[in-house]
Amino acid sequence: MRRQVLSTSISVGIATGLYGISFGAIGVAAGLDVLPVMLLSLLMFSGASQFAFVGVVAAGGLPLTAITSAWLMGIRNSFYAMRLTSEFGPRGLIRLLYAQLTIDESNAVSAAQEGKQNQKLGFWATGAAVFVFWNLATLIGALAGNLMGSIEQWGLDGAAAAAFLGLLWPRLKNQFPLAIAGFAVALVSYPFLPAGVPILLAATVALVPWRAKK
Amino acid sequence: MIWTVIAASLAVYSWKILGYLVPEKMITPGFRDFADRVTVALLAALVAIQGFSLSESITLDARAVALGVAALMLWLRAPYILVVAAGALVTAGLRFLGF
């Protein structure tokens with residue numbers, strides 16, 4: 001049983017890690033050096049927030065806009081953290097480490113296990129595996145991206161668009177009208193607003209209480 | 001840029017640590033739904049900007065085709081990494097052909 005949990009954790013770590021290559025490449029394509037791209041993977045360690053950050057930077061947005069986009073994208077980690085608190089109730093400084101490894105994957109693998117011990121193992125093993133592979137892959141992607149030159153020639157801008165669509169996809173089924181609204185607001189306001197701002201404006205459609213299909 | 005990255009990382013971390021510090025009952029289901037909606041709206045906006053923006057206007061180019069191919073692959077349940085790779089391949093390929 002423990003072995004099964006570990007093998008799931010490592011598979012998820014490798015699968016997720018692989019697309020760290022695209023993050024690294026897209027990060028340097030956005031005009032960031034290798035060091036800040038690596039710091040994003042090491043410190044921010046939250047894929048969607050990292051992609052949002054470099055997306056705004058690539059579009060020429062202000063630092064504050066990039067920070068706000070990344071911040072808003074990270075909101076769901078709070079709910080994973082609350083779920084994990086109610087499961088394991090960690091106390092003291094260990095919570096700092098719990099928090100850093102609280103991401104989509106560690107929460108999902110943990111939730112899928114049976115029994116407290118396996119759930120805990122699933123959380124730590126997946127968090128650690130994703131952290132290691134994600135950072136290794138980011139480094140590879142950033143170094144390779146640096147060698148490749150023009151992002152348009154390699155279609156990395158198209159890869160980034162596909163990457164966001166892939167993250168959105170599992171949520172489309174329940175939230176289709178909301179997604180269309182966010183998409184439309186960003187697109188329509190784009191020619192009239194400073195870079196990055198249309199993304200934040202689109203976030204305000206979330207204030208409308210669209211009912212999610214269950 | 002380093003400081004912007006560090007500030008943004010702290011901002012993202014604030015959500016994570018908050019979840020371990022705030023008593024669960026302070027968070028209403030309504031707020032939880034709102035958080036889900038923010039994620040969806042942001043991702044949809046990022047698809048729009050990344051796929052259709054061109055300096056100061058919007059446009060249809062190779063990326064739109066790449067998004068179509070990506071959507072088809074996602075619908076067929078292709079692995080995420082292949083979808084991203086196809087996004088690059090289709091975009092680069094069409095540009096190479098002069099579109």
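At which residue does α10(A) bend, and which proline follows within four residues? In this predicted model, local features need pLDDT of at least 70 and side-chain atom pairs count only at pLDDT 80 or more, while totals for chains, interfaces and linings use all residues. Residues are numbered from 1 along each chain as its sequence is written, with chains lettered from A and ligands numbered from 1 in the order in which they are written.

The bend sits at Gln175(A) and comes to about 110° (the angle between axes fitted to the seven residues ending there and the seven starting there); the proline is Pro177(A). Helices here are DSSP runs of H or I with at least four residues, numbered from the N terminus. The end-to-end span of α10(A) falls short too: its 34 residues put the end C-alpha atoms only 24 Å apart, against 50 Å for a straight helix (1.5 Å times one less than the number of residues).

That helix also matters for the chain pairing. Taking contact as C-beta atoms, placed from the backbone, within 7 Å, 78 residues of chain A meet 63 residues of chain B. Helix α10 (residues 156-189) gives the largest share of chain A's side, 23 residues.

Then there are two non-glycine residues with positive phi. Phe45(A), at about 40°, lies in the loop between α2 (34-44) and α3 (47-58) of chain A. Phe45(A) is buried (20 or more other C-beta atoms within 10 Å, all placed from the backbone), with 23. Arg77(B), at about 65°, is in the loop between α3 (62-75) and α4 (80-96) of chain B. Arg77(B) is exposed (12 or fewer), with 7.

Definitions and conventions:
Contact = placed C-beta atoms within 7 Å.
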